[in-house]
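Good morning, colleagues. Please bring up the model on your screens, and I shall take you through its pockets, its core, its cysteines and a few individual residues.

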Amino acid sequence: MDFQLIEQEAWKRKEYFDHYFKHVPCTYSITVKLDITALKDKKLYPTLLYGLTTIVNRHEEFRTAMNENGQVGVFSEMMPCYTIFHKDTQTFSNLWTAYTADYTEFCARYQEDMEHYGNTEGMMAKPNPPENTFPVSMIPWTTFEGFNLNLKNGYDYLLPIFTFGKYQQDNGKYYIPLSVQVHHAVCDGFHTSRFINELQELIDTLGA
């Protein structure tokens, strides 16, 4: 994993970054319904995590972050840090799974992490999360039309945040809500729309 600093003066987004990070700090979220009908024979959560991570790794605007020195750069690769639920304590924990472009291998890594850390309580069940992770949450108890996180220090957080809800059936098809929260300094509506469209295409392909 590399973190390559961005040369600000030569950056094509410099004007936009300065505007939405320094002058008018702005984050936004969009909620969509993904058609997951094609995934009926797949294990849903690892497949969705694989899909998110695959598209995140295609586009640098979803891998742009700030290091501990406040410098902006791009990770060469990202991996998901996701929530799991403990029914006995009604608490959640975070796990992370190393990414691979091979779908079957990624699902195997997910299963291995679940077997090793799935019953470990505490916020970070799998220790030592690397810097190049992005957060994913699952709220399988309710569906929603909109979802927004209100982060006190959110205007300094550049990586995307993803939240899934409960899937529903409609006219023989299955849909799951996905909220995508991003920082406008690095990600415009075009980029978010492209992400969602490519994710849907990948889901359709995985289920084919």
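Strand E5 contributes the most to the lining of the largest pocket, namely 3 residues. I should say at once that this is a predicted model. The pocket in question has a volume of about 500 Å³. Helix H2, residues 44-56, strand E5, residues 79-86, and strand E7, residues 133-138, are the elements that give two or more residues to its lining. In total, 17 residues line this pocket, and those nearest its centre are Ile84, Phe85, Met138, Pro140 and Trp141. As for chemical class, the lining comprises 12 nonpolar, 3 polar and 2 charged residues.

Let me turn to the second largest pocket, for which the volume is about 300 Å³. This pocket is also lined by 17 residues, with Glu131, Thr133, Pro135, Tyr157 and Leu159 lying nearest its centre. Here E7 supplies the largest share of the lining, 5 residues. Strand E3, residues 64-66, together with E5 and E7, each provide at least two lining residues. The division by class is 10 nonpolar, 5 polar and 2 charged.

I move now to the interior. In soluble globular proteins, nonpolar side chains tend to be buried together. The largest nonpolar core in this model holds 54 residues, and the most contacts inside it belong to Leu34, Leu52, Phe162, Phe164 and Leu178. Helix H2 gives the most to this core, with 7 residues. Which residues does Leu178 contact, once its neighbours within four places in sequence are left aside? They are Ile30, Thr31, Val32, Leu34, Leu52, Phe162, Thr163, Phe164 and Leu199.

A buried aromatic residue deserves a word of its own. Phe17 sits in helix H1, residues 14-23, and has a relative accessible area of 3%. Beyond the residues up to four places away in sequence, Phe17 touches Gln8, Trp11, Lys22, Val72, Leu158, Ala185 and Val186. Lys43, by contrast, is 26 residues from Phe17 in sequence, and the two C-alpha atoms are 38 Å apart in space.

Next, the cysteines. How many disulfides does the structure hold? The number is 0. For Cys26, the closest cysteine sulfur is that of Cys187, and no bond is possible because the two sulfurs are 11 Å apart, too far for one. Cys81 is likewise unpaired, because the closest cysteine sulfur, in Cys107, is 18 Å away, too far for a bond. As to accessibility, Cys26 is partly exposed at 22%, whereas Cys81 is buried at 10%.

Finally, the backbone. Most residues other than glycine have a negative phi, and most peptide bonds are trans. Asn128, although not a glycine, has a positive phi of about 55°. Where is Asn128 found? Asn128 lies in the loop between helix H3, residues 103-117, and E7, and it is exposed, with a relative accessible area of 65%. Asn171 is another residue other than glycine with a positive phi, near 55°. Its place is the loop between strand E9, residues 168-170, and strand E10, residues 173-183. Is Asn171 buried or exposed? At 75% relative accessibility, Asn171 counts as exposed.

Thank you for your attention.

Methods:
Residues are numbered from 1 along each chain as its sequence is written. This is a predicted model: local features need pLDDT of at least 70, side-chain atom pairs count only at pLDDT 80 or more; totals for chains, interfaces and linings use all residues. Side-chain values use heavy atoms; hydrogens and water are left out. On a 1 Å grid over the protein atoms alone, a cavity is a set of points where a 1.4 Å probe fits but cannot get out, and a pocket is an open set with protein on both sides within 12 Å along at least five of seven lines; lining residues have an atom within 4 Å of a point. Grid points are joined across faces, edges and corners, and a volume is the space filled by probe spheres set on the points. Helices (H or I, at least four residues) and strands (E, at least two) are DSSP runs, numbered from the N terminus. Ala, Val, Leu, Ile, Met, Phe, Trp, Tyr, Cys and Pro count as nonpolar, Asp, Glu, Lys and Arg as charged, and the others, Gly among them, as polar. A nonpolar core is a set of buried Ala, Val, Leu, Ile, Met, Phe, Trp, Tyr and Cys residues joined through side-chain atoms within 4.5 Å. Buried means under 20% relative accessible area, exposed over 50%, partly exposed in between (1.4 Å probe, protein chains only). Contact means heavy atoms within 4.5 Å. A disulfide is a pair of cysteine sulfur atoms within 2.5 Å.
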